[in-house]
Amino acid sequence: MSGGVEWALHCCVVLTSVADPVPAARLAQLHDVPPTYLAKQLQALSRAGLVQAVQGKSGGYVLTRSPALITVLDVVEAIDGPGPAFVCTEIRQRGPMASPPEACTAPCAISRAMASAESAWRASLGSVTIADLAAGVESDYGSGALAGIGAWLSPAES
């Protein structure tokens with residue numbers, strides 16, 4: 001899993017704390033990450049329909065729906081793609097002791113184990129929402145933690 005997944009998840013969680021769009025540069029500053037790389041993650045979230053890019057002077061990013069309707073799996077798939085983490089290359093058909101293709105009609109024990117783990121991993125990530133993560137932030141750092149982040153992210157009133 002790429003580091004972009006972590007950054008994207010953090011951005012989705014902190015976007016729960018604001019009503020107005022937050023510029024990518026401000027999100028990068030909050031997390032002390034390179035703005036150009038974070039912008040790519042935000043673009044991937046936007047292409048997946050998880051965040052919306054708002055143009056203009058007060059532009060930035062906002063969640064497209066309730067945090068309770070965005071799962072961690074949604075974010076992982078937006079950043080790293082929907083493909084499996086493990087792809088069997090049929091290594092058992094190579095080398096001096098190779099099995100013939102006709103003997104490899106069913107997945108091997110390794111492929112079965114990895115497919116089972118992938119299924120469990122996806123089910124677990126699909127059961128956790130951005131709202132759950134936001135609640136965890138409040139639990140970990142105290143009530144009002146996200147409100148403080150939201151205040152920091154929001155533009156200063158003139």
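**Hairpin, helix packing and salt bridges in the predicted model**

Strands β1 and β2 form a hairpin in which five residues lie between the two strands, and Gly56 in the turn has a positive phi of about 110°. The structure described here is a predicted model. Strand β1 comprises residues 51–54 and strand β2 residues 60–63; the two pair in the antiparallel sense over four bridges. Within this pairing, Ala53 stands opposite Tyr61 in β2. In a regular strand, side chains alternate between the two faces of the sheet.

Helix α6 spans residues 130–141, and its dimensions can be checked against its length in sequence. At 1.5 Å a residue, its 12 residues should span 16 Å, and the end C-alpha atoms are 16 Å apart, which agrees. The buried residues of α6 are Ile130, Ala134 and Val137. These residues cover an arc of only 50° around the axis and are therefore placed on the same side of α6. An α-helix has 3.6 residues a turn, so residues three or four places apart point the same way. The buried residues of α6 pack against three helices, namely α1 (3–15), α4 (72–80) and α7 (145–153). The face of α6 turned away from the buried side carries Ser139 and Asp140, which are exposed.

Both ends of α6 show local features of the backbone or side chains. At the start of the helix, a side-chain oxygen of Thr129 reaches to within 3.3 Å of the backbone nitrogen of Ala131. Just after α6, Gly142 takes a positive phi of about 100°.

A search of the whole structure finds four salt bridges. One of them joins the side chains of Asp74 and Arg65, with an N to O distance of 3.8 Å. Both partners are partly exposed: Asp74 has a relative accessible area of 25%, and Arg65 is at 33% relative accessibility.

A second group of charged residues is centred on helices α4 and α5. Glu77 forms a salt bridge with Arg122, the closest N and O atoms being 2.7 Å apart. Because Glu77 lies in helix α4 and Arg122 in helix α5, this pair ties together parts that are 45 residues apart in sequence. Arg122 also forms a salt bridge with Glu118, for which the closest N and O atoms are 2.7 Å apart. Glu118 and Arg122 both lie in helix α5, where they are four residues apart, about one turn of the helix. Glu77, Glu118 and Arg122 are thus linked in a network of salt bridges.

The members of this network differ in their accessibility class. Glu77 is partly exposed, with a relative accessible area of 29%. Arg122, by contrast, is buried at 16%, and Glu118 is buried at 13%; each of these values falls under the 20% limit for a buried residue.

Helix α5 (residues 109–126) also contains Gly126 and Ser111. Ser111 is buried, with a relative accessible area of 15%. Leaving aside neighbours within four places in sequence, Ser111 is in contact with Phe86 and Cys88. Gly126 is partly exposed, with a relative accessible area of 33%. Under the same exclusion of sequence neighbours within four places, Gly126 is in contact with Thr71 and Leu73. Gly126 and Val75 are 51 residues apart in sequence, while their C-alpha atoms are 9.8 Å apart in space.

Positive phi values also occur at residues other than glycine. Asp32 has a positive phi of about 55° although it is not a glycine. Asp32 is found in the loop between α2 (24–31) and α3 (35–47), and at 70% relative accessibility this residue counts as exposed. Glu90, likewise not a glycine, has a positive phi of about 55°. The place of Glu90 is in the loop between α4 and α5, and Glu90 is partly exposed, with a relative accessible area of 23%.

Technical notes: Residues are numbered from 1 along each chain as its sequence is written. This is a predicted model: local features need pLDDT of at least 70, side-chain atom pairs count only at pLDDT 80 or more; totals for chains, interfaces and linings use all residues. Side-chain values use heavy atoms; hydrogens and water are left out. Two strands pair if DSSP finds at least two bridges between them. Buried means under 20% relative accessible area, exposed over 50%, partly exposed in between (1.4 Å probe, protein chains only). Contact means heavy atoms within 4.5 Å. The expected span of a helix is 1.5 Å times one less than its number of residues. The arc is that of the directions from the helix axis to the C-beta atoms. A polar contact is a pair of N or O atoms within 3.5 Å; within protein, one must be able to donate a hydrogen and the other to accept it, and residues adjacent in sequence count only if both atoms are side-chain atoms.
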